[in-house]
Every structure is written in structure tokens, then in C-alpha cells.
Amino acid sequence: MDHRLLEVVACPVCNGKLYYNKERKELICKSDALAYPLRDGIPVLLESEARAITLDETS
């Protein structure tokens, strides 16, 4: 995941910062507890494609 992309991309729900989870290949929004998948290295920033995450996963 390109770090420059992480600086400009935002959560589509709250416009908050997204964090990259390298193990799961997801972008995490801690505020909304949502994880957005990456497909072929491209973030899929659709609320309908996000999965809910637990508080443990936001750490």
C-alpha cells in the first residue's frame, strides 16, 4: 500500500483517517469500526463492501 495514498484517502462515511492493516489487506476506520477491502491493490471504499470490526481489531 502506497503511503502517499493513505495520506489523501478518507473514510467515505465519516471522512476520517484510514489505517492500513497489512495482514488482512484492509483499510481500517477506527471511528466507525469499519474495514474496507483492497482488491488487486485498489481500495474499495464503498460502505456496502465494508465489514464491521471489533474493538480489538481497531488497536
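Glu26 counts as buried, because its relative accessibility is 7% and the cut-off for buried is under 20%. The model is predicted, so the cut-off of under 20% is applied here to computed coordinates. Glu26 belongs to strand E2. What does the side chain of Glu26 make a polar contact with? The partner is the side chain of Arg51, at 2.8 Å. Arg51 also appears in the wider set of contacts of Glu26, once neighbours within four places in sequence are set aside. That set includes Tyr19, Tyr20 and Asn21. It continues with Ala35, Tyr36, Pro37 and Leu38.

Step back one residue. Lys25 lies in the loop between strand E1 (19–21) and E2. Is Lys25 buried or exposed? Lys25 is exposed, because its relative accessible area is 52% and the cut-off for exposed is over 50%. The backbone stands out here too: phi of Lys25 is positive, near 55°, and the residue is not a glycine. Most residues other than glycine have a negative phi.

A second positive phi sits further along the chain. Asp40 has a phi of about 55°, and Asp40 is not a glycine either. Where is Asp40 found? Its place is the loop between E3 and strand E4 (42–43). Asp40 counts as exposed, because its relative accessibility is 81%.

Now turn to the nonpolar core. The largest one has 10 residues. Its members are Leu6, Val9, Cys11, Leu18, Leu27, Cys29, Leu34, Tyr36, Leu38 and Ala50. Which elements give two or more residues to this core? They are strand E2 (26–29) and strand E3 (34–39). E3 gives the most, with 3 residues.

Leu18 offers a good view of this core, being one of its members. Setting aside neighbours within four places in sequence, Leu18 touches Leu6, Val9, Ala10 and Cys11, among others. Its contacts also include Leu27, Ile28 and Cys29. Tyr36 and Leu45 are in contact with Leu18 as well. Tyr36 links two parts of this account: Tyr36 is in contact with Glu26 and also with Leu18.

The rings come last. How many aromatic pairs are there? The count is 0. A charge does sit over a ring, however: the charged end of Lys30 lies over the ring of Tyr19, 4.4 Å from its centre. Tyr19 has been met before, as a contact of Glu26.

Technical notes. Residues are numbered from 1 along each chain as its sequence is written. This is a predicted model: local features need pLDDT of at least 70, side-chain atom pairs count only at pLDDT 80 or more; totals for chains, interfaces and linings use all residues. Side-chain values use heavy atoms; hydrogens and water are left out. Rings of Phe, Tyr and Trp (its six-membered ring) pair if their centres lie within 6.5 Å; planes under 30 degrees apart count as stacked, over 60 as edge-to-face and the rest as tilted. A charge sits over a ring if NZ of Lys or CZ of Arg is within 6 Å of the ring centre and within 35 degrees of the ring normal. A nonpolar core is a set of buried Ala, Val, Leu, Ile, Met, Phe, Trp, Tyr and Cys residues joined through side-chain atoms within 4.5 Å. Buried means under 20% relative accessible area, exposed over 50%, partly exposed in between (1.4 Å probe, protein chains only). Helices (H or I, at least four residues) and strands (E, at least two) are DSSP runs, numbered from the N terminus. Contact means heavy atoms within 4.5 Å. A polar contact is a pair of N or O atoms within 3.5 Å; within protein, one must be able to donate a hydrogen and the other to accept it, and residues adjacent in sequence count only if both atoms are side-chain atoms.
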